[in-house]
Amino acid sequence: MGAETPSNAASNAPGKGPNLDHPVFALVKGHFASKRFSATEFRGQSTLIVQPGDAHAVLGFLKNDPRCGFNFLADVVGVDYLGYPSKTIGRFAVVYVLRCFEREDLFFVKTFLDPSLPTDGIVEDPALYLDSVTDLWPGAEWMEREVYDMLGIRFRNHPDPRRILTWEAYPAHPLRKDYPVRGREEREQFRLVDRTDA
Amino acid sequence: MGLEAALPVDGFVTTQLRRIINWGRRNSLWPMPFATACCGIELMATACSRYDLARFGSEAVRFSPRQADLMIVAGRVSVKMMPVLQRIYLQMSEPKWVISMGACASTGGVFDTYAVVQGVDQFIPVDVYVPGCPPRPEQLIEGVMAIQRIIDSTGIPPRMSGGKRVGLGLALSGRGHEVRPQPVTLGI
């Protein structure tokens, strides 16, 4: 994303680690002194990795602190890292894409979740839970519904926790990597209307 | 449909009246566009001035199923959309015909995924399949003409009770084009 500037290209040169000089990192670390964080950066885009339980508090700080001022939640994305070539912190990730219009700043907050139950059904998994951020950004409502629908990650205190893209009786979360792309014959299960109807 | 039911079977009046009724029906097909994808754009082009579906009497496109007698399913249909498609089909009054326009409506096309119906003919009756991705307007006009030929050959009284017809399930095959059974295995 975005044009690659010479300074950004230098920050990812071979042998050099990510360039963690985004000022928000220091602000978060100073405010949450007792909590554990990780951070990374790629081509000028900084990502803060938080524990699932801390996500709501950190996001609230990023929105409400005037030095951060991320007043726009651009996206909430779910990721399934099953079969990912390199090691990841957890199986699922939820990424919050934040924007600050005053500074024209873009920032990512990421949290990893590991399922505690088999992932082939729609059983409610207590490990796949996050606090909803609809109280901070009301626009998160449909994005969190999409994450729930596609990956089965549920959100506490969500005002309308229904599926959004697939139909109500759908027996799976289709963006999980262990779900076959052609489905499990859900697309064949439908009543037939023929000439004798109506 | 009510008209045929009132008439005696195979009398002189019936056979001559059948010609007149069919002539009226074939030249005033009112399409109901169920356009969900890019085939809908070709469907619009077909109805516009350059290709001019009005030459075949089908220019009165109606978005209410109650006022239409030809449903053109143009584009992929997701499983979530299927109840809508079936309800619209059931709301159309007899006599009614269905064209499955393009690869997606007929077979699912390249969208071989969990959410896309692999051919609307699995769940509703289809009279004519128009191949193409998307079909050119000429092909769709050929499909409408195929419906007209079906109407020409429809008898009075209809084949089933209550004025309902049996689905014919014809596939268009243009010059040099063969419709192969689906799905086709890759022969590389």
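A residue counts as buried here when its relative accessible area is under 20%. That cut-off matters for strand 2 of chain A: six of its six residues are buried, so the strand is largely enclosed by the rest of the structure. Bear in mind that what you are looking at is a predicted model.

## Chain A at a glance

Let's step back to the whole chain. Chain A has four helices and seven strands, and reading along the sequence gives the pattern α-α-β-β-α-β-β-β-β-α-β. Its C-alpha trace spans about 70 × 40 × 35 Å along the principal axes. Out of 198 residues in chain A, 44% count as buried.

Take the contacts in chain A between residues at least 6 apart in sequence: 52% of them join residues at least 24 apart. On the outside, chain A exposes about 10,800 Å², with carbon and sulfur atoms supplying 55% of that area. As for charge, chain A has 24 positive and 28 negative charges, and the mean positions of the two sets are 4 Å apart.

## The five-stranded sheet

Five strands of chain A make an open sheet in the order 1-2-5-4-3, with mixed pairing. Strand 1 and strand 3 (72–80) stand at the edges with a single partner strand each, so one side of each is left without a neighbour in the sheet. On average, neighbouring strands of this sheet are turned by 20° against each other, direction ignored.

As a general point, strands of a sheet pair through backbone hydrogen bonds, in either a parallel or an antiparallel way. Here is how the pairs in this sheet work out, walking from one edge to the other.

| Strand pair (chain A) | Sense | Bridges |
|---|---|---|
| Strand 1 (residues 38–42) and strand 2 (residues 45–50) | antiparallel | five bridges |
| Strand 2 and strand 5 | parallel | five bridges |
| Strand 5 (residues 105–113) and strand 4 | antiparallel | nine bridges |
| Strand 4 (residues 92–100) and strand 3 | antiparallel | eight bridges |

## Strand 2 and its partners

Start with the pairing to strand 1. Ser38(A) sits opposite Ile49(A) of strand 2, while Thr40(A) faces Thr47(A) in that strand. Strands 1 and 2 of chain A form a hairpin with two residues between them, and Arg43(A) in the turn has a positive phi of about 50°.

Ile49(A) also has a partner on the strand 5 side: its bridge partner there is Lys110(A).

Which way do the residues of strand 2 of chain A point? Gln45(A), Thr47(A) and Ile49(A) go one way and Ser46(A), Leu48(A) and Val50(A) go the other, and all are buried.

Ser46(A) is a handy residue to zoom in on within strand 2 of chain A. Buried or exposed, where does Ser46(A) fall? Its relative accessibility is 3%, and it therefore counts as buried. Leaving aside neighbours within four places in sequence, Ser46(A) is in contact with His22(A), Phe25(A), Thr40(A), Glu41(A), Phe107(A) and Phe108(A).

## Strands 3, 4 and 5

Strand 4 of chain A is mostly covered too, with eight of its nine residues buried. Against strand 3, Val97(A) in strand 4 stands opposite Asp75(A), and Phe92(A) in strand 4 stands opposite Asp80(A). Helix 4 (residues 140–151) of chain A packs on the sheet and touches both strand 3 and strand 4; the helix direction makes about 5° with that of strand 3.

On the strand 5 side, Cys100(A) of strand 4 is placed opposite Asp105(A) in strand 5. The hairpin of strands 4 and 5 of chain A has four residues between the strands, and Glu104(A) takes a positive phi near 55° there.

## A quick look at chain B

One residue in chain B rounds things off. Ile20(B) is found in helix 2 (residues 12–26) of chain B. At 54% relative accessibility, Ile20(B) counts as exposed, because the cut-off for exposed is over 50%. Its C-alpha atom is separated by 25 Å from that of Val126(B), with the two residues 106 apart along the chain.

Conventions: Residues numbered from 1 in each chain as written. Chains lettered and ligands numbered in written order. Predicted model: local features only at pLDDT ≥ 70, side-chain atom pairs only at ≥ 80, totals over all residues. Heavy atoms only, no water. Buried < 20%, exposed > 50% of the residue type's maximum accessible area, 1.4 Å probe, protein only. Contact = heavy atoms within 4.5 Å. Areas by Shrake-Rupley, 256 points an atom, 1.4 Å probe, with all protein chains shown as cover. Lys, Arg positive; Asp, Glu negative; His and termini not counted. Charge placed at Lys NZ, Arg CZ, Asp CG, Glu CD. Pairing = 2+ DSSP bridges. Axes fitted to C-alpha atoms, helices over the stretch in contact; angles between N-to-C directions.
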